[in-house]
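Me: I have just opened my first protein model and would like to ask how its labels are earned. Could we go through them together?

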Amino acid sequence: MRIARLPVALATAFALVALPGAAAAVEYTKMEPAGSKVAFQYQQLGVKLDGHFKQFSGQVSFDPAKPQTGKASLDVELGSVDAGSPDADSEVVTAPWFNVEKFPKAHFESTSITAKGGDSYEIAGKLTIKGTTKDVSFPATFKADGNKGTFSGSLSIKRGDFAIGEGDWASTDIVAGDVTIRFDLNVAAQ
């Protein structure tokens with residue numbers, strides 16, 4: 001009888017040891033601006049230029065085991081722009097460009113997160129700039145490191161779709177119409 005109980009006892013012991021690891025799903029619920037970045041790339045007179053935003057905040061709820069239930073939002077302070085030079089910084093906040101006085105923030109709100117295999121996802125949502133909201137979708141990756149992780153990705157927009165560069169600046173002869181937004185957003189489990 002004791003020999004018959006040994007396999008059951010071993011199976012129970014292995015199950016108890018394995019259970020904590022299986023139940024250790026992590027939900028990332030805090031966006032951490034430190035080390036995160038929201039940047040952009042555009043062309044002026046055929047030359048690629050880079051810029052970034054110094055201030056942004058967001059909210060996240062993401063469990064890699066259930067990505068379809070995930071949600072994320074991001075607010076970018078457009079007045080915190082660094083477009084590469086003081087002249088560019090003071091120009092891009094004016095009414096023809098970002099019109100920061102009337103529209104101080106850009107906003108993104110996710111509508112779906114779809115797993116694509118491995119650490120790859122497709123994120124869809126609504127992007128609002130200068131009072132105009134457009135549906136967008138883009139690929140992103142999520143790399144977990146214990147209780148911390150990083151979402152990275154990029155999306156391309158047409159600046160004219162959001163009235164970025166009005167009047168004389170609406171033409172794409174000097175400043176190209178395509179803008180690529182790149183992000184690395186650090187998140188943590190609370």
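Reply: Gladly! Glu32 is a good place to start, and its place is in strand E1. Keep in mind that this is a predicted model.

Me: Why is Glu32 called buried?

Reply: Buried means under 20% relative accessible area. Glu32 has 18% relative accessibility, so it counts as buried.

Me: What makes Glu32 and Lys148 a polar contact?

Reply: The cut-off for a pair of N or O atoms is within 3.5 Å. The side chains of Glu32 and Lys148 are joined at 3.3 Å, a polar contact. Glu32 also touches Asn186, Val187 and Ala188, leaving out residues up to four places away in sequence.

Me: Ala188 came up there. Which residues stand opposite Ala188 in E10?

Reply: Lys30 stands opposite Ala188, and Lys148 stands opposite Ala188 too.

Me: How do you know that E10 pairs with E1 and with E9?

Reply: Two strands pair if at least two bridges are found between them. Eight bridges join E1 to E10, and E9 and E10 share 11 bridges. Both pairings are therefore established by the cut-off of at least two bridges, and both are antiparallel. One of the matched positions is Thr150, whose bridge partner in E10 is Asn186.

Me: And what holds paired strands together in general?

Reply: Strands of a sheet pair through backbone hydrogen bonds, either parallel or antiparallel.

Me: What makes E10 largely enclosed by the rest of the structure?

Reply: Count its buried residues: eight of the 11 residues of E10 are buried, so the strand is largely enclosed.

Me: Phe183 is found in strand E10. Is Phe183 buried or exposed?

Reply: Buried means under 20%, and Phe183 comes to 11% relative accessibility, so it counts as buried. Setting aside neighbours within four places in sequence, Phe183 is in contact with Lys37, Phe138, Ala140, Phe151, Ser152, Gly153 and Ser154.

Me: How far from Phe183 is His52, counted in space and along the chain?

Reply: Their C-alpha atoms are separated by 9.6 Å, although Phe183 and His52 are 131 residues apart along the chain.

Me: Let's move to strand E8, where Phe142 has its place. How do you know whether Phe142 is buried or exposed?

Reply: Use the cut-off of under 20% again. Phe142 has a relative accessible area of 5%, so it is buried. Its contacts beyond four places in sequence include Tyr28, Phe62, Pro64, Tyr121, Phe151 and Val187.

Me: Which strands pair with E8, and by how many bridges?

Reply: E7 and E8 pair over 10 bridges, while six bridges join E8 to E9. With at least two bridges needed, both count as pairs, and both run antiparallel. For an example from each, Leu127 has Lys134 in E8 as its bridge partner, and Thr141 has Ser152 in E9.

Me: What is found between the strands of those hairpins?

Reply: Two residues lie between the strands in the hairpin of E7 and E8, where Lys130 takes a positive phi near 55 degrees. The hairpin of E8 and E9 also has two residues between its strands, and Gly146 takes a positive phi near 70 degrees there.

Me: Where do these strands sit in the whole sheet?

Reply: The order is E3-E4-E6-E7-E8-E9-E10-E1-E2-E5, an open sheet of 10 strands with antiparallel pairing.

Me: Why do E3 and E5 stand at the edges?

Reply: Strand E3 (56-61) and strand E5 (81-82) each have a single partner strand, so one side of each is left without a neighbour in the sheet. The protein has two helices as well as its 10 strands.

Me: Which residues are closest to the centre of the largest pocket, and how much space does the pocket hold?

Reply: About 850 Å³ of space lies in the largest pocket. Of its 44 lining residues, the closest to the centre are Phe40, Phe53, Phe98, Val179 and Ile181. E1 gives the most to the lining, with six residues.

Me: How do the lining residues divide between nonpolar, polar and charged?

Reply: There are 37 nonpolar, four polar and three charged residues in the lining of the largest pocket. Phe, Val and Ile count as nonpolar, so the five residues closest to the centre belong to the nonpolar group.

Definitions and conventions: Residues are numbered from 1 along each chain as its sequence is written. This is a predicted model: local features need pLDDT of at least 70, side-chain atom pairs count only at pLDDT 80 or more; totals for chains, interfaces and linings use all residues. Side-chain values use heavy atoms; hydrogens and water are left out. On a 1 Å grid over the protein atoms alone, a cavity is a set of points where a 1.4 Å probe fits but cannot get out, and a pocket is an open set with protein on both sides within 12 Å along at least five of seven lines; lining residues have an atom within 4 Å of a point. Grid points are joined across faces, edges and corners, and a volume is the space filled by probe spheres set on the points. Helices (H or I, at least four residues) and strands (E, at least two) are DSSP runs, numbered from the N terminus. Buried means under 20% relative accessible area, exposed over 50%, partly exposed in between (1.4 Å probe, protein chains only). Contact means heavy atoms within 4.5 Å. A polar contact is a pair of N or O atoms within 3.5 Å; within protein, one must be able to donate a hydrogen and the other to accept it, and residues adjacent in sequence count only if both atoms are side-chain atoms.
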